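These are my notebook entries on one protein model. I set down what I looked up, in the order in which I looked.

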Amino acid sequence: MVTLNDANAVPTLYSDHQNSVELIGDIQNHISQDSRLRGMNGRSYYRWILALVREGRVNMMYTRGHSAELTIPAQPNREADHYASGSQKFPHLVPLAPIPTFTMDTYTLFTKADGWIETNIRTFVNFFLAKEAASGLARIHDNLPPPEYPYTRALSVHSAVIQLYARSDQLPTAETLESRSRLESCLCRWVCNAVESMHHIFVGCAQFDEWRQDAGAEVSLRTERKLEEADMREKDRQPILNAAKSLFIDDPAVWPLKISQYYLGQTPSIQNFITYRMLPDTIKRRKLASHLSSD
Ligand SMILES: [Zn+2]
């Protein structure tokens, strides 16, 4: 709040925020204290006020907030509080203050949605990096929704529970148990000299090799039959069959992250293998893709 009595007087800026008033006073009295402002919220406003104070164009004074006094500083301060707390309700009554871009850091982040970002830059950047990484990860695997049946009706609903535990990293593998001090060692409790992680149990562990081979053969067989039904040319079938064969193994050519993640409910993106040229009918193409990935 600024008050001015006559044309030549230096205006006074009143604030009920004691820390701000003290800060401006401190910095004024000690040369080169600007470093204090570097990490502060709203530092461009502080720098602006500070510049005005240094040039003798404004005085900054403290006035007690939320007081019922009738003094000149107290009354407009009450008014300012009122508009500040209700600015959402009557935005048209609140005068716009210019954004002091001229006292911001030399490089300041800006987005259309958020405006200028002066503080918590690390959190801000982290948010966008995480968002970008997440959307990248969502795209790389097959994005067709899995069929509902095995999750809701079939006896294999058990596999849905396993998947839930796997996705929340709650399966009692030796690696998890050791990290929670429930087990002495994180090494495989079956036959291998390897860390018993989720990926090890589902993809690497020799104990379950036979299971994986059997399951892989079954998926391959079913895929082959479906491709035959769809009348796909021999040459075009191969990459899809390879993907089916590699479902349970780390095949860098098939899995986008180079490791199999079938146990998290992911499948390689089959749609990439079924092109317009192979099946020009869009509906048939989509049907085949979802038919295949549902296995
Ligand atoms: Zn093992």
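Which residues is arginine 47 in contact with, leaving aside its neighbours within four places in sequence? I found Leu37, Arg38, Thr103, Met104 and Asp105. Contact here means heavy atoms within 4.5 Å.

**Basis of the entries.** I note that this is a predicted model, in which local features need pLDDT of at least 70 and side-chain atom pairs count only at pLDDT 80 or more, while totals for chains, interfaces and linings use all residues. Residues are numbered from 1 along each chain as its sequence is written, and side-chain values use heavy atoms, with hydrogens and water left out.

**Arginine 47, continued.** I located arginine 47 in helix H2. Helices (H or I, at least four residues) and strands (E, at least two) are DSSP runs, numbered from the N terminus. I looked up one partner further: methionine 104 is 57 residues from arginine 47 in sequence, yet the C-alpha to C-alpha separation in space is 8.1 Å. Arginine 47 counts as partly exposed because its relative accessible area is 22%. For these classes, buried means under 20% relative accessible area, exposed over 50%, and partly exposed in between (1.4 Å probe, protein chains only).

**Tyrosine 45 and a surface patch.** Helix H2 spans residues 43-54 and also holds tyrosine 45. With 36% relative accessibility, tyrosine 45 is classed as partly exposed. I then asked which residues make a nonpolar surface patch with Tyr45. They are Ile99, Phe110 and Trp116, and the patch covers about 410 Å². Patches are made of residues with over 30% relative accessible area and no salt bridge; like charges are joined within 9 Å, and nonpolar side chains (Val, Leu, Ile, Met, Phe, Trp, Tyr) within 5 Å. A salt bridge is a side-chain nitrogen of Lys or Arg within 4 Å of a carboxyl oxygen of Asp or Glu.

**The zinc site.** Which protein atoms are the donors of the zinc ion? I recorded SG of Cys188, SG of Cys192, NE2 of His200 and SG of Cys205, at 2.0 to 2.3 Å from the ion. Donors are N, O and S atoms within 2.8 Å of the metal (3.2 Å for Na, K and Ca); water is not among the atoms, so sites may look incomplete. The spacing of the donor residues in sequence is C-x3-C-x7-H-x4-C. Why is the arrangement tetrahedral? The reason is that the four donor atoms subtend angles of 105 to 118° around the zinc ion; four donors count as tetrahedral if all angles lie between 85 and 135 degrees.

I examined histidine 200 further and placed it in helix H8, residues 198-204. Histidine 200 counts as buried because its relative accessibility is 9%, and cysteine 192 is buried as well. Beyond four places in sequence, histidine 200 touches Cys188, Cys192, Ala194, Val195 and Cys205.

**Two positive phi values.** Most residues other than glycine have a negative phi. Aspartate 169, however, has a positive phi near 60°. Aspartate 169 lies in the loop between helix H6 (157-167) and helix H7 (174-179), and at 44% relative accessibility aspartate 169 is partly exposed. Serine 181, also not a glycine, has a positive phi of about 60°. Its place is in the loop between H7 and H8, and with 65% relative accessible area serine 181 is exposed.

**The whole protein.** I counted 11 helices and five strands. Of the 295 residues, 32% are buried.

Terms used. Areas by Shrake-Rupley, 256 points an atom, 1.4 Å probe, with all protein chains shown as cover. Tetrahedral: all angles 85-135°; square planar, octahedral: opposite > 155°, others 65-115°.
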